[in-house]
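Biologist: Before the terms in this description are accepted, I should like each one justified. Could we take them in turn?

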Amino acid sequence: SGDDAFIVANRPDGDLKFFGNDGGSSVTALSFDMSEGGNATFEGNVEIKKDNSNLLNLYRPNSSTAASSVLDFSFNTANSSEAVYARIRADVEDSTNSAQSGDLSFYTANAGTVGEVLKLTQEGNATFANDINLSAGQVKLRGDDALDHDGSSLYIKAPSNIYFYPGNNNRGNIDTSGNLSLSGVVLFNDGNGINFGNSNAKIY
């Protein structure tokens, strides 16, 4: 029709399949499930070769703030049933023209349940569902080393003072000279008190 070419499967819900020969064996290289709106299944890998930064665009034509797009990673279980092992999900938070905002979440399967383990919000905030374990390196806040662990000791670092805010109230700080200032009462329950340098003087 005109300059276009068409491949048509006219039978209702009839799939469209592309067959090939792999070393003497017949393979279904590509099939389209027409009962599912044309879902495509590739028998082999999908390779994209193009010198372009935008190699893959997952587009859902929906602007609802309830809309989400999901990328699942599935494998077989022990009984050869397909199951989701991990997932990446994108959500629409604001669909205002030229001011769109969205969140990105990461999921993993644990004991058969796929749950959110990390969420990156539109503001850039990261929320972890569980512990953060570092095998090496440091935790940096605003580009400065903040927490470091050398395998035995934990170091808390700051370019200036370190402040303590229990209950969102300033209760004390340590300045760059190592001076400790506290606004409350210091309690010692183990009877060891405070040692002053190398002397034997203590406060209980």
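Modeller: The exchange below sets values against definitions, for a model that is predicted.

Biologist: What makes the protein chain more spread out than a compact globule?

Modeller: The protein chain has 0 helices and 16 strands. Its radius of gyration is 29 Å, whereas the globule rule gives 17 Å for 204 residues; the value is well over the rule, so the chain is more spread out than a compact globule. The C-alpha atoms fill a box of roughly 95 × 45 × 35 Å along the principal axes.

Biologist: How many of the residues count as buried, and what share of the contacts joins residues 24 or more positions apart?

Modeller: Of the 204 residues, 7% count as buried. Among contacts with a separation of 6 or more, 6% are between residues 24 or more positions apart. The chain exposes about 16900 Å², of which carbon and sulfur atoms supply 47%.

Biologist: Why are strand 4 and strand 5 called paired?

Modeller: Pairing requires at least two bridges. Strand 4 (residues 68–76) and strand 5 (residues 82–94) are joined by 9 bridges and run antiparallel, so they satisfy the definition of a pair. One of the partnerships sets F75 against A83 in strand 5. The hairpin of these strands has 5 residues between them, and S80 takes a positive phi near 70 degrees.

Biologist: Which strand pairs with strand 5 over 8 bridges, and what lies between the two?

Modeller: Strand 6 (residues 101–110) pairs with strand 5 in the antiparallel sense over 8 bridges. D94 stands opposite S101 in strand 6. This hairpin has 6 residues between its strands, and S98 in the turn has a positive phi of about 60 degrees.

Biologist: How many aromatic pairs are there, and why is the pair of F75 and Y85 called edge-to-face?

Modeller: The whole structure holds 2 aromatic pairs. In one of them, F18 and F32 lie 6.3 Å centre to centre with 75 degrees between the planes; centres within 6.5 Å make a pair and planes over 60 degrees apart make it edge-to-face, so both conditions are met. F18 is in strand 1 (residues 16–22) and F32 in strand 2 (residues 25–33), 14 residues apart. At 34% relative accessibility F18 counts as partly exposed, and F32 has that status at 22%. For F75 and Y85 the centres are 5.2 Å apart and the planes stand at 90 degrees, so this pair is edge-to-face. F75 lies in strand 4 and Y85 in strand 5, so the pair ties together parts 10 residues apart in sequence.

Biologist: What makes R89 and D91 a salt bridge, and how do you know whether D91 is buried or exposed?

Modeller: The closest N and O atoms of R89 and D91 are 2.9 Å apart, and the limit is 4 Å, so the contact qualifies as a salt bridge. Buried means under 20% relative accessible area; D91 has 15%, so D91 is buried. R89, at 28%, is partly exposed.

Biologist: Where in the chain do the partners K119 and D103 lie?

Modeller: K119 and D103 form a salt bridge with the closest N and O atoms 3.8 Å apart. K119 is in strand 7 (residues 113–120) and D103 in strand 6, 16 residues apart. D103 is buried at 7%, while K119 is partly exposed at 27%.

Biologist: Why are K49 and E47 called exposed?

Modeller: Exposed means over 50% relative accessible area. K49 has 74% and E47 has 61%, so both residues are exposed. The two form a salt bridge, with the closest N and O atoms 4.0 Å apart.

Methods
Residues numbered from 1 in each chain as written. Predicted model: local features only at pLDDT ≥ 70, side-chain atom pairs only at ≥ 80, totals over all residues. Heavy atoms only, no water. Helix = DSSP H or I, 4+ residues; strand = E, 2+ residues; numbered from the N terminus. Phe/Tyr/Trp six-rings, centres within 6.5 Å; stacked < 30°, edge-to-face > 60°. Buried < 20%, exposed > 50% of the residue type's maximum accessible area, 1.4 Å probe, protein only. Rg over C-alpha atoms; globule rule 2.2 N^0.38 Å. Contact = heavy atoms within 4.5 Å. Areas by Shrake-Rupley, 256 points an atom, 1.4 Å probe, with all protein chains shown as cover. Salt bridge = Lys/Arg side-chain N within 4 Å of Asp/Glu carboxyl O.
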